[in-house]
Amino acid sequence: MKKILALFIVVSTLCFIGLSVYIANSAPSRLSTTAINEAVMYSIYAIEEADHARALDILLGGITQEFEQVHQSGQRRNINILLAVGVYQAFFVAVFLILHMYYKKRIIDPFVRLKDFAKNVARGDLDTPIKMDKHSTLGAFTESFDILREELKTARENEREATLRKKELVATISHDLKTPVAAIKATIELMQIRDHDEKTKYQLQEMFNKAEEITVLVNDMFHSTLQELEALKVSITEFPSTTLAQLIQSADYKKMTNQVQIPDCVLLSDTVRLGQVFDNIIGNSYKYANTKIEVAANFDGQSLIITFRDFGKGVDNEELPLLFGKFYRGKNTTNINGYGLGLYIAKHLLQEMGGNIHLSNANQGLITQVILPLA
C-alpha cells in the first residue's frame, strides 16, 4: 500500500512538472517585425512609383497575414494546452479508479464478507469459515473472527456432549431403577397376602402406592430420553465368570430361575451393562411368559453362551428378527405395558461389548442366548 501511494505521488508530480514546462514553452506567438518591415518597404516602393493603391494593399496584406499567423498559432497552443490538461485529468481518473478497485478488493469486500459471516454465526451456522485473503489488509483481523468461530463451534460440541451425557445418565438411572422398584412392589404384594392385620395392610398399601408413583416418575424420565439410548456407553473390563451368577440372581427378584453352573473363565465385558441386559431378558420373561426360567451356560469357541428358556407361548417365527427393533412389540403384548425397548437395548449394549444376542422358539417357550466374549 505504501509503495503504491509513493508511486502515485512521484508520477503525478512528474506529470505536473511536465505540464508546467510545456505551458511555459508554449508562449503565444508575437508579431514578426521583419515581415512588417518588408511590407512597409514594398509599400514605399509602390508609393515612389506613384501607385498609392498598390502600396496600401501591400501594407495591409502584410499586416493582416501576420496577424492571421499569430491567431492560428494561439489557437494551436490553446488546443495543445487543453489536450495536455485532458491527459492529466484522465491520468488522475485512471489512478482514482485503480485505487478504488484496490480498496474495494482489499478493504470493502473483506468487510462485506465479514458482515455475511456475522449473519451466518447469528443464525447458528458455525461450520462455514470466513473467506480470507492472506494479502488483504484485514487478513489478520478476519482470521481472528474465524478463530472465534472455531472456539464457538468447539464450545457448542462440548455443550452437546455434556447434554448427551446428562441424558445418558438419566436414561441409565431411570432404567436401573425399574428393577428395584418392581422388586419392592412384588415384596409388598407378598406381604399383603401373608399379613392379616388391617393397620399393617393399610401401611403396606401406602408403600405400594408410593412405589407406584416412583414407577410413573421413572417411566417419565425414561420416556424423555428414548431418542438418546444409543449414547449409552460401556466400560469393558476383565472379570471372573462367577460374577454372572450374582448378576442373574440380582435380576431374578421373583426367584423364578434355577441355580446355574457357570464354567470358570475370565470374561471381557461391562458388568453394569450386563446387569441391564439380564434385567431386560428376565423382566420380559416375567411379563410375557410368567413361568420358571431355565438358565444354562456353555463354551462356544472364544465365547461363553448364557441361555435363558421360559415355558410360555413363545413368539411367531416371522416376528423373531423384529423384536430387536426400536419400539417394536410383538402380537402377544396386548394389554401389557412396555415401550418395545428391552431387547433393543440389550442387543445394542451387547454389541458394544463385543457380544451378541439371539432368539429362537422351543417346543414350548422362548430361548434367549447371550453371547459374551472371553478375555
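1. The largest nonpolar core of this predicted model has 39 residues, and the members that touch the most others are Leu244, Leu274, Phe278, Ile306, Phe308 and Val370. Several elements build this core, each supplying at least two residues. The helices among them are helix 6 (242-251), helix 7 (271-288) and helix 8 (342-352). The strands are strand 3 (294-300), strand 4 (303-309), strand 5 (356-361) and strand 6 (366-373).

2. Valine 370 offers a useful view of how the core is assembled. Which residues does valine 370 contact, leaving aside its neighbours within four places in sequence? The partners are Val277, Phe278, Ile281, Leu304, Ile305, Ile306, Phe308, Leu350 and Asn356. Among these partners, Phe278, Ile306 and Phe308 also belong to the group of core members with the most contacts to other members.

3. The overall organisation should be read next. The protein contains eight helices and six strands. From the N terminus on, their order is α-α-α-α-α-β-α-β-α-β-β-α-β-β. Among contacts between residues at least 6 apart in sequence, 68% join residues at least 24 apart.

4. Burial and surface can be stated for the whole chain. Of its 375 residues, 33% count as buried. The accessible surface comes to about 23,600 Å², and carbon and sulfur atoms account for 59% of that area.

5. Helix 8 deserves separate attention. Eight of its 11 residues are buried, so this helix is largely enclosed by the rest of the structure. The buried residues are Gly342, Leu343, Tyr344, Ile345, Ala346, His348, Leu349 and Leu350. Leu350 is also one of the contacts of valine 370. After helix 8 comes glycine 354, which has a positive phi near 85°.

6. Helix 3 (residues 52-122) contains valine 93 and also proline 110. Is each of these two residues buried, partly exposed or exposed? Valine 93 is partly exposed, because its relative accessible area is 48% and the partly exposed class lies between 20% and 50%. Proline 110 is buried, because its value is 4%, which is under the 20% limit. Valine 93 also joins Phe96 and Leu97 in a nonpolar surface patch of about 310 Å². The C-alpha atom of proline 110 is separated by 8.2 Å from that of lysine 131, a residue 21 places away along the chain.

7. The loop between helix 6 and strand 2 (266-269) holds threonine 257. The side chain of threonine 257 makes a polar contact of 2.6 Å with the side chain of aspartate 252. Leaving aside neighbours within four places in sequence, threonine 257 is in contact with Ile248, Asp252, Ile282, Ile293 and Val295.

8. Two residues merit a check of their backbone angles. Most residues other than glycine have a negative phi. Lysine 255, however, has a positive phi of about 55° although it is not a glycine. Lysine 255 lies in the loop between helix 6 and strand 2, and it counts as exposed because its relative accessibility is 61%, over the 50% limit. Asparagine 290 also has a positive phi, near 55°, and is likewise a residue other than glycine. Asparagine 290 lies in the loop between helix 7 and strand 3, and with a relative accessible area of 47% it is partly exposed.

Key: Residues are numbered from 1 along each chain as its sequence is written. This is a predicted model: local features need pLDDT of at least 70, side-chain atom pairs count only at pLDDT 80 or more; totals for chains, interfaces and linings use all residues. Side-chain values use heavy atoms; hydrogens and water are left out. A nonpolar core is a set of buried Ala, Val, Leu, Ile, Met, Phe, Trp, Tyr and Cys residues joined through side-chain atoms within 4.5 Å. Buried means under 20% relative accessible area, exposed over 50%, partly exposed in between (1.4 Å probe, protein chains only). Helices (H or I, at least four residues) and strands (E, at least two) are DSSP runs, numbered from the N terminus. Contact means heavy atoms within 4.5 Å. Accessible areas come from the Shrake-Rupley method with a 1.4 Å probe; for residues, only the protein chains shown count as cover. Patches are made of residues with over 30% relative accessible area and no salt bridge: like charges are joined within 9 Å, nonpolar side chains (Val, Leu, Ile, Met, Phe, Trp, Tyr) within 5 Å. A salt bridge is a side-chain nitrogen of Lys or Arg within 4 Å of a carboxyl oxygen of Asp or Glu. A polar contact is a pair of N or O atoms within 3.5 Å; within protein, one must be able to donate a hydrogen and the other to accept it, and residues adjacent in sequence count only if both atoms are side-chain atoms.
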